[in-house]
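User: Please take a close look at one helix in this model and describe how it sits in the chain. A connected account is preferred to a list.

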Amino acid sequence: MTGGESAADLVDAAPAAILAVDMTGVVLVHNRKTLDCLGAGEDSLVGRNLTEWMPPAARMLYETQVVPRLVEKGRVRELVLEIRRPDGSRHPLLVNADRRVDDAGSARIVIVAMDAIGRSAFERELVETRRTADAAHRELALLQDATGRLAVARGLEDLGRVLIDAAGQATQSAWTVVRLADHGGGVSTWGDPPFGVDQDEGLRAGSDQVICHDPDDIVRTLPGSAHALNRAGVESLILTPVVRQDGRVIGEICCWFRRPRTLGPDEAGTLVALARQAERVVEHLRLQDRLRHDASHDGLTGLFNRAGLSARLTELLTTANLSERSSAVIFLDLDGFKAINDLRGHSAGDEVLRTVAERLVRVCRSGDAIGRLGGDEFVIVVDHVDRDDASGLAGRVRDAVSAPLAGAAEGMPLSASVGVISWTGADDPRPSADELISAADEEMYTAKRLLSGGVRSRTWLH
């Protein structure tokens with residue numbers, strides 16, 4: 001100390017509230033800062049109880065937790081205790097307290113208190129930062145899980161199920177629906193929409209995410225659907241398109257909620273990330289489908305090639321053997337095709353092959369497997385037919401092929417030599433696909449050689 005300052009002067013000038021109270025809370029002594037902290041207008045608080053400035057919750061904390069701890073431990077450190085000032089405002093104080101006993105055995109509590117508003121704000125900021133970090137971690141974990149599952153998706157069915165699970169977890173939506181354009185030009189749907197909300201129409205054309213936080217937003221943004229959504233109990237929603245790089249919409253992730261929702265960047269960003277992953281998976285699946293299709297189909301006519309036809313016939317042989325039903329292989333070779341190629345050119349020949357393919361598709365049933373083995377040779381695999389029915393179909397096929405040609409081959413004659421092999425699933429041993437195709441080929445050549453065209457048919461004999 002200098003200049004004659006006493007310890008009492010230093011305490012009185014301290015930037016913190018310093019006071020002593022008895023064990024019941026009655027103020028014994030205090031400094032000037034205590035008046036500022038409590039918002040007291042009088043010059044002295046001596047004789048008044050400190051709990052007068054405490055709201056009920058703080059008073060209960062002080063009486064049931066702070067005082068007993070002081071009695072037991074002798075001190076309390078960094079306790080945040082709220083006080084209520086005369087103007088009604090509430091302020092948190094950071095409190096350190098010690099229990100002291102004088103020579104006469106009397107106990108008192110010495111308290112040092114500082115304004116804790118800054119500390120509270122800092123703690124709230126820490127809590128918010130932690131909450132944001134936790135949300136980001138959950139989003140990352142969800143996206144990582146979805147990415148892993150999408151990477152092994154074998155088709156649109158797998159993709160749709162993964163997106164439904166991930167979108168529902170990300171948003172906690174009451175209803176979640178995923179819609180994706182399928183290979184046939186339609187729209188495949190997973191999940192259940194709100195009752196009465198139509199999901200049969202095509203995909204929305206817009207490539208922007210649609211977010212409606214409350215019913216008023218829905219009315220403004222989706223006026224055509226607002227009435228149905230209101231009747232279904234939908235009060236907020238988020239619609240996220242799945243968009244190709246060329247801008248074409250190929251799907252959408254739809255989430256609806258029963259209550260107004262903030263729907264901030266966390267939910268919206270997660271859904272956009274899922275949509276981007278879905279787009280890449282869809283394109284990958286389509287590429288796989290194209291590669292599989294190209295590997296099993298003839299590039300000129302679109303019919304099965306030899307590999308695809310053999311696989312289909314092998315599959316049919318297995319199922320026919322289980323049910324012992326009758327089936328057949330029809331082999332046809334075009335008569336007059338070489339002359340068309342020689343006289344009209346290969347482009348005319350290609351046009352004729354495509355025409356024949358179209359005629360075969362029209363004559364045969366939708367479930368029949370039709371293939372081009374190469375050149376001008378075609379094979380049809382027919383299930384659930386006996387020998388007579390197969391021969392009748394072979395005759396209709398020959399008639400269809402012999403119909404007059406148009407285009408580059410107009411006026412040129414065309415017909416077919418046809419061989420038919422029938423078998424039943426009861427045949428033992430079961431023939432292979434190659435054996436049946438070879439046998440039908442032999443019947444076709446016999447018809448060409450002995451009958452100058454026409455149809456020859458027999459039942460498979462090993």
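Analyst: What follows is an account of helix α12, with some context from the rest of the chain.

The model is predicted. Its chain contains 13 helices and 15 strands, and 42% of its 462 residues count as buried. Among the contacts with a separation of 6 or more, 59% join residues 24 or more positions apart. The accessible surface of the chain is about 24,400 Å², and carbon and sulfur atoms make up 51% of that surface.

Helix α12 covers residues 387–402. With 16 residues at 1.5 Å a residue, α12 should span 22 Å, and its end C-alpha atoms lie 23 Å apart, so the two values agree. At the start of the helix, Asp386 places a side-chain oxygen within 3.3 Å of the backbone nitrogen of Asp388.

Which residues of α12 are buried? They are Ala390, Leu393, Ala394, Val397, Ala400 and Val401. Viewed down the axis of α12, these buried residues fall within an arc of 120 degrees, and therefore they line one face of the helix. On the face turned away from the buried side, α12 carries the exposed residues Asp388 and Asp399. Asp388 thus appears twice in this account: its backbone nitrogen is the one approached by the Asp386 side chain, and the residue itself is exposed.

What does the buried side of α12 pack against? Its buried residues pack against one helix, α11 (346–363), and against the strands β11 (326–335), β13 (377–383), β14 (415–424) and β15 (454–459).

Helix α5 (residues 156–171) can be set beside α12. It also has 16 residues, and the distance from its first C-alpha to its last is 22 Å, close to the 22 Å expected at 1.5 Å a residue. In α5 the buried residues are Leu156, Leu159, Gly160, Val162, Leu163, Ile164, Ala166, Ala167, Gly168 and Thr171. The residue after α5 is Gln172, with a positive phi near 55 degrees.

Finally, the cysteines. The structure holds zero disulfides. Cys254 is in no disulfide, and the nearest cysteine sulfur, belonging to Cys255, is 7.5 Å away. Cys254 counts as buried because its relative accessibility is 2%, where the cut-off is under 20%. Cys37 counts as buried too, because its relative accessibility is 7%.

Key. Residues are numbered from 1 along each chain as its sequence is written. This is a predicted model: local features need pLDDT of at least 70, side-chain atom pairs count only at pLDDT 80 or more; totals for chains, interfaces and linings use all residues. Side-chain values use heavy atoms; hydrogens and water are left out. Helices (H or I, at least four residues) and strands (E, at least two) are DSSP runs, numbered from the N terminus. Buried means under 20% relative accessible area, exposed over 50%, partly exposed in between (1.4 Å probe, protein chains only). Contact means heavy atoms within 4.5 Å. Accessible areas come from the Shrake-Rupley method with a 1.4 Å probe; for residues, only the protein chains shown count as cover. The expected span of a helix is 1.5 Å times one less than its number of residues. The arc is that of the directions from the helix axis to the C-beta atoms. A polar contact is a pair of N or O atoms within 3.5 Å; within protein, one must be able to donate a hydrogen and the other to accept it, and residues adjacent in sequence count only if both atoms are side-chain atoms. A disulfide is a pair of cysteine sulfur atoms within 2.5 Å.
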